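Colleague: I am new to this structure and would like to learn how to read its features one at a time. Could we begin with pairs of opposite charge and work outward from there?

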Amino acid sequence: HRAALFDAEAGRRNVIRRTGPSGRTGTPRGRVPPEMIVMTFRSSLAAAAMCTAVLPAHAQERSNASYSTEAGVVYSFLRDVGENAKTGMVVDFGKQMTSHLSLIGEFGLNHFSTMEETYAQAAGGVRVASLINGRVRPFAQVLVGVQHEFGSSGLNVQPGAGFNIRLAKGIDARVQVDVPFLRWEGDNYKQFRLGLGIGVPLGR
């Protein structure tokens with residue numbers, strides 16, 4: 001069972017049952033409200049439209065070849081079992097196999113201050129992406145990897161989607177939403193992750 005009990009006086013964890021600071025046990029899994037995902041995407045798309053509207057046309061255009069190699073660094077917000085990790089970072093690296101399909105590898109860390117625990121994740125998979133008007137690059141991806149927390153690791157399958165918006169010659173803004181599904185100590189869990197940061201196209 002995915003739970004943890006904290007010894008507040010000694011400041012040490014006994015990984016027996018996973019509870020939050022209020023003492024409640026997280027059920028498999030803290031369900032992410034669908035309206036949260038929909039609202040996040042709508043807000044992100046509105047932001048994308050505003051950004052592309054104010055950028056000069058001559059400074060916006062790219063080609064798919066610009067992303068033959070790419071990297072990204074984003075601030076990461078993670079929600080898990082009713083608790084929020086407001087401190088986190090994800091870095092990724094991609095290499096195109098075709099003009100629209102890339103292999104992706106990523107590493108992320110998220111810290112839950114309420115539970116005094118840091119989650120670590122490493123994953124790899126594929127990303128499908130295509131440029132729109134040489135300015136915005138929406139993408140969808142599926143990664144598979146390992147997530148480690150509370151002294152134990154689980155299998156993580158992580159579908160996600162997002163977009164890059166050109167800001168300058170060698171840098172993009174990136175917005176990304178992921179819904180990781182985790183198999184951890186015999187139980188299934190679902191998380192919600194939001195990423196805001198930069199993408200760096202390293203191709204020609």
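Modeller: Let us start with one pair in this predicted model: the side chains of Arg-174 and Asp-92 meet in a salt bridge, with 2.7 Å from N to O. The general idea is that side chains of opposite charge can pair when their charged atoms come close. Arg-174 lies in strand β10 (residues 171-178) and Asp-92 in strand β5, so this salt bridge ties together parts that are 82 residues apart in sequence.

Colleague: Are Arg-174 and Asp-92 buried or exposed?

Modeller: Here the cut-off matters, since a residue is called buried when its relative accessible area is under 20%. Arg-174 has a relative accessibility of 2% and therefore counts as buried, and Asp-92, at 8%, counts as buried too.

Colleague: Which residue forms a salt bridge with Glu-106, and where do the two partners lie?

Modeller: The partner of Glu-106 is Arg-193, and the closest N and O atoms of this salt bridge are 3.1 Å apart. The pair links distant parts of the chain, with Glu-106 in strand β6 and Arg-193 in strand β13 (residues 192-201), 87 residues apart. Glu-106 is buried, with a relative accessible area of 6%, and Arg-193 is buried as well, at 4% relative accessibility.

Colleague: Which other side chain meets Arg-193 in a salt bridge?

Modeller: Arg-193 also meets Asp-178, at 2.9 Å from N to O. This pair, too, links distant parts of the chain, Arg-193 being in strand β13 and Asp-178 in strand β10, 15 residues apart. Asp-178 is buried, with a relative accessible area of 2%.

Colleague: Which residues are joined into one network by salt bridges that share partners?

Modeller: That network joins Glu-70, Asp-92, Arg-127, Arg-137 and Arg-174. The count of salt bridges in the structure comes to seven.

Colleague: Over which rings do Arg-127 and Arg-137 lie?

Modeller: Arg-127 lies over the face of Phe-139, at 4.4 Å from the ring centre, while Arg-137 lies over the face of Tyr-67, at 4.1 Å from the ring centre. Both arginines belong to the salt-bridge network just described, and their places over the rings can be looked at alongside it.

Colleague: How many aromatic pairs does the structure hold, and how should I read their geometry?

Modeller: The structure holds two aromatic pairs. To read one, look at the distance between the ring centres and at the angle between the planes, where over 60 degrees counts as edge-to-face and an angle under 30 degrees as stacked, with the rest called tilted. The rings of Phe-112 and Tyr-119 have centres 4.6 Å apart and planes at 45 degrees, so that pair is tilted. Tyr-119 and Phe-150 form an edge-to-face pair, with 6.1 Å from centre to centre and 70 degrees between the planes. This second pair links distant parts of the chain, since Tyr-119 is in strand β7 (residues 117-129) and Phe-150 is in the loop between β8 (136-149) and β9 (152-168), 31 residues apart.

Colleague: What do Phe-112, Tyr-119 and Phe-150 form together?

Modeller: They form one aromatic cluster. Phe-112 and Tyr-119 are both buried, and Phe-150 is buried as well.

Colleague: Turning to the surface, which residues form the nonpolar patch?

Modeller: The patch is formed by Val-73, Met-89, Val-91, Phe-107, Leu-109 and Ile-198, which together have about 460 Å² of accessible area. Strands β5 (87-96) and β6 (101-112) each supply at least two residues of this patch. Leu-109, whose place is in strand β6, is partly exposed, with a relative accessible area of 36%.

Colleague: To place these features in the whole, how many helices and strands does the chain have?

Modeller: The chain has one helix and 13 strands, and, read along the sequence, two strands come before the helix and the other strands follow it. Buried residues make up 43% of the 204 residues in the chain. Among the contacts with a separation of 6 or more, 57% are between residues 24 or more positions apart. The accessible surface of the chain comes to about 9900 Å², and 63% of that surface belongs to carbon and sulfur atoms.

Note on methods. Residues numbered from 1 in each chain as written. Predicted model: local features only at pLDDT ≥ 70, side-chain atom pairs only at ≥ 80, totals over all residues. Heavy atoms only, no water. Phe/Tyr/Trp six-rings, centres within 6.5 Å; stacked < 30°, edge-to-face > 60°. Buried < 20%, exposed > 50% of the residue type's maximum accessible area, 1.4 Å probe, protein only. Helix = DSSP H or I, 4+ residues; strand = E, 2+ residues; numbered from the N terminus. Lys NZ or Arg CZ within 6 Å of the ring centre and 35° of its normal. Contact = heavy atoms within 4.5 Å. Areas by Shrake-Rupley, 256 points an atom, 1.4 Å probe, with all protein chains shown as cover. Patch = residues over 30% accessible without salt bridge, like charges linked within 9 Å, V, L, I, M, F, W, Y side chains within 5 Å. Salt bridge = Lys/Arg side-chain N within 4 Å of Asp/Glu carboxyl O.
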